[in-house]
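Colleague: I would like to work through this model with you. Please show it first, and then I will ask my questions.

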Amino acid sequence: MAAMIALILSLLIAYMPVHASAITGVRLQGDELVVDFDAPVEGASVFGLQGPDRVAIDVDGINHASFAERDSALGYVRGGQFDEDTARIVVDLHQPVTLSDFRFADDGRSLILALARTSATDFARKLVANRQSLLAPAMARRVAEPGGYSVSMKLAPPRTSRNLPTIYGRDDPRLPLVVIDAGHGGHDPGAVSPHGGKLEKDVTLAIAKAVRDKLVASGQARVALTRDTDSFIVLQNRYAIARKLGADLFISIHADSAENQAASGATVYTLSEVASDREAQRLASRENKADIINGINLGAAGDDLSSILIDLTQRETMNISADFAELLAREAKSNMRVKANPHRFASLMVLKAPDTPSVLFETGYLTNEDDVAFLSSSAGQRRVAQGISSAVQVHFAKKIALR
Ligand code: ZN
């Protein structure tokens, strides 16, 4: 028995996640740029800058980044701390490049980037216009089996950082953690109501807080908000917060707008590369635009890369998300106005966390007079919160029953 426990403990320790905090080297391996870390890394983002042409690689969670600067066929490689929690590697390019491929080493300690020469136009279109996020399978380590199948192993939540939001609710790690994301914020107001000028960013924040209060009061979940002030967060950082906290569920709160002011009621969206209808597609392009400021896309991964990111882990996550969406639509119905066929699919950037079940809840239309009155009243906000809270409780009760 004691030996069994010792074995289990040693296995647990072997799988305890340790995350990179230092870059130990940057090297050139043929045409590939290899960044080495002291431990497995969660991910990085890559983007281009012009005048002169540069490629920058940002890695979060790194507080030590000293490596030898060097010249290479690609360009001059240099870097250091960008801020106290982010390292930046910069390549002063001899010629414009594009990111043709990337991968993480099997031990997770190296990020390998294939940078291929390209035209200035291609460089501008692919790397300057898009910040591409490269996510390592941080929470699910896949182990190949002889039959060619893969299994996913859920690991403990990643290291927390001082930049992460407060977790509300009973301090019990067994309680599921739900991250509520108030859409938009700061210089991005979202939709503006033609009836009294209410801003989506204010309505979503008030609803997010009502949801937090309701869930905390239920005692059935812990809750964190991606923002609790009027601040701007790029879309990929919204789900990055949920991933870093090891959230069990991510709910992004929004309010819709339409040309037709008669359009009303709530809709629940889950991720799909293929939109369920034209309206869902228009919604995705509207919501994904939150990251485009002054013509620079701050958050979105390029189309090619975002497809690569939808791997096996994400398929499973997408199924759980879809189940929760059905539940949310059902529970919302007894509390508020919900559209017919309320569960839709769209390629929404904020839902792209590969390992956190995520939904985007369009709570109603700011262009509809009744909806805006309901959504901006505290009574209405409490009803929305009630619907979400019931769905969350049923969702986790079901999961526990299935264990
Ligand atoms: Zn929105």
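Colleague: Is histidine 184 buried or exposed?
Modeller: This is a predicted model, and I use its coordinates throughout. A residue counts as buried under 20% relative accessible area. Histidine 184 has 6%. Therefore histidine 184 is buried.

Colleague: And glutamate 287: buried or exposed?
Modeller: The limit for buried is again under 20%. The relative accessible area of glutamate 287 is 7%. So glutamate 287 is buried.

Colleague: Which residues coordinate the zinc ion?
Modeller: The donor distances run from 2.0 to 2.4 Å. Two donors are histidine nitrogens, NE2 of His184 and ND1 of His254. Glu287 is listed twice, each time with an OE atom. The residues are His184, Glu200, His254 and Glu287.

Colleague: What spacing do the zinc donors follow along the chain?
Modeller: Read the donors in chain order, from His184 to Glu287. The spacing is H-x15-E-x53-H-x32-E.

Colleague: How many residues apart are histidine 184 and glutamate 287?
Modeller: Histidine 184 sits in the loop between β14 (177–182) and α3 (200–218). Glutamate 287 belongs to helix α5 (residues 278–288). The pair links distant parts of the chain, 103 residues apart.

Colleague: Where is serine 193, and what does serine 193 touch?
Modeller: Serine 193 lies in the loop between β14 and α3. Its relative accessible area is 4%, so serine 193 is buried. Leaving out residues up to four places away in sequence, serine 193 touches Lys198, Leu366 and Val372.

Colleague: Why is strand β17 described as largely enclosed?
Modeller: Strand β17 covers residues 266–271. It is largely enclosed by the rest of the structure because six of its six residues are buried.

Colleague: Which strands are joined to β17 by bridges, and in which sense do they run, parallel or antiparallel?
Modeller: Five bridges join β17 to β20 (residues 338–346), and this pair runs parallel. There, tyrosine 269 stands opposite arginine 344. Threonine 267 stands opposite glutamate 362 in β21. Three bridges join β17 to β21 (residues 358–365), and that pair runs antiparallel.

Colleague: In what order do the six strands of the open sheet come?
Modeller: The pairing in this sheet is antiparallel. The edge strands are β6 (70–71) and β11 (132–135), since each pairs on one side only. The order is β6-β7-β8-β4-β3-β11.

Colleague: How many bridges pair β4 with β8, and which residue is the partner of isoleucine 57?
Modeller: Strand β4 spans residues 54–60 and β8 spans residues 86–93. They pair in the antiparallel sense over seven bridges. The partner of isoleucine 57 is isoleucine 89.

Colleague: At what angle does helix α2 run to β3?
Modeller: Helix α2 (residues 120–128) lies across β3 (43–49), β4, β8 and β11. Helix α4 (residues 235–245) also packs on the sheet, touching β3, β4 and β11. The direction of α4 makes about 15° with that of β11. For α2 and β3, the angle is about 145°.

Colleague: What is the mean pLDDT of the protein?
Modeller: A pLDDT of 70 or more is reached by 82% of the residues. Over residues 13–17 the pLDDT is below 50, and this stretch has four contacts beyond near neighbours in sequence. Residues 293–310 are also below 50, with 41 such contacts. The mean is 81.

Terms used
Residues are numbered from 1 along each chain as its sequence is written. This is a predicted model: local features need pLDDT of at least 70, side-chain atom pairs count only at pLDDT 80 or more; totals for chains, interfaces and linings use all residues. Side-chain values use heavy atoms; hydrogens and water are left out. Two strands pair if DSSP finds at least two bridges between them. Helices (H or I, at least four residues) and strands (E, at least two) are DSSP runs, numbered from the N terminus. Contact means heavy atoms within 4.5 Å. Axes are lines fitted to C-alpha atoms, for helices over the stretch in contact, and angles run from 0 to 180 degrees between N-to-C directions. Donors are N, O and S atoms within 2.8 Å of the metal (3.2 Å for Na, K and Ca); water is not among the atoms, so sites may look incomplete. Buried means under 20% relative accessible area, exposed over 50%, partly exposed in between (1.4 Å probe, protein chains only). pLDDT is the predictor's confidence in each residue, from 0 to 100.
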